[in-house]
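Subject: Structure handover

Hi,

Here is the structure I promised to pass on. Please open it alongside this note, and read the notes below as you turn it.

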Amino acid sequence: MIKVAKFSEIPEGGSKLVMVNDIPIALFNIKGKIHAWDNRCPHRGGSLADGNISEKIIQCKFHLWEFDVETACAAANPKIKIKSFSVEIKDGNILIDG
C-alpha cells in the first residue's frame, strides 16, 4: 500500500488528483468513504477528478459520461468499468494499492 494523501485534504463530496507510478488517480470522498479510480474517462480520457460529483454518480465534464460511485461502471453500460484501486485509511492517511 502506498500513501497518496491525507484524509483531511479531501472534503466530503470533493476530489483530489494524485500520481502513482505515472498513473493519474482520482480520489473521491463520498459520504466519508474514499474511492480511488484511474482518473481517465474511458471515452476520451477526460479527467474524472474535475467532473461533477454526487453521492451516486461521477460525471465526466467533457462528454457527460456517468459512472456509478460504488461499482465504477458506466451508468448506461455496466460492461464499461473504470480501473479502481483498493483503499485503506491509516492514521489519517489514504493508502492505495499501487
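Start with strands β2 and β3. They run antiparallel, and 6 bridges join β2 to β3, which spans residues 23-30. Keep in mind that this is a predicted model.

Two of the pairings are easy to find. Ser 15 has Phe 28 in β3 as its bridge partner. Val 18 is matched with Ile 25 in β3. The two strands also make a hairpin, with 2 residues between them. Look at Asn 21 in that turn: its phi is positive, about 50 degrees.

Now widen the view to the sheet. It is open and has 4 strands, in the order β2-β3-β4-β8. The pairing in it is antiparallel. Which strands sit at the edges? They are β2 (15-20) and β8 (84-85), and each pairs on one side only.

Next, go to strand β10, residues 93-96. Are its faces covered or open? Both are covered. Asn 93 and Leu 95 lie on one side, Ile 94 and Ile 96 on the other, and all of these are buried.

β10 has pairing partners too. One is β1 (residues 2-6), which runs antiparallel to β10 and is joined to it by 4 bridges. Within that pair, Ile 2 stands opposite Ile 96. Another is β9 (residues 87-90), also antiparallel to β10, again over 4 bridges. Here Ile 89 faces Ile 94. β9 and β10 form a hairpin with 2 residues between them. Asp 91 is in the turn, and its phi is positive at about 55 degrees.

Then the cysteines. How many disulfides are there? The count comes to 0. Cys 60 is in no disulfide, and the nearest cysteine sulfur, that of Cys 41, is 4.0 Å away. The cut-off for a disulfide is 2.5 Å between the sulfurs, so the 4.0 Å between Cys 60 and Cys 41 does not qualify. Cys 60 is also buried, with a relative accessible area of 3%.

What about Cys 73? The closest cysteine sulfur to that of Cys 73 is again in Cys 41, 13 Å away, which is too far for a bond. Cys 73 counts as buried as well, at 13% relative accessibility.

Last, the chain as a whole. It has 0 helices and 10 strands. Read along the sequence, the pattern is β-β-β-β-β-β-β-β-β-β. How does its spread compare with that of a globular protein? The radius of gyration is 12 Å, close to the 13 Å that the globule rule gives for 98 residues, so the chain is as compact as a globular protein of that length. Its C-alpha atoms fill a box of roughly 35 × 25 × 20 Å along the principal axes.

A few totals to close. Of the 98 residues, 40% count as buried. The accessible surface is about 5,600 Å², and carbon and sulfur atoms account for 48% of it. Contacts can also be sorted by distance along the sequence. Of those between residues at least 6 apart, 39% join residues at least 24 apart.

Best wishes

Conventions: Residues numbered from 1 in each chain as written. Predicted model: local features only at pLDDT ≥ 70, side-chain atom pairs only at ≥ 80, totals over all residues. Heavy atoms only, no water. Buried < 20%, exposed > 50% of the residue type's maximum accessible area, 1.4 Å probe, protein only. Pairing = 2+ DSSP bridges. Rg over C-alpha atoms; globule rule 2.2 N^0.38 Å. Contact = heavy atoms within 4.5 Å. Areas by Shrake-Rupley, 256 points an atom, 1.4 Å probe, with all protein chains shown as cover.
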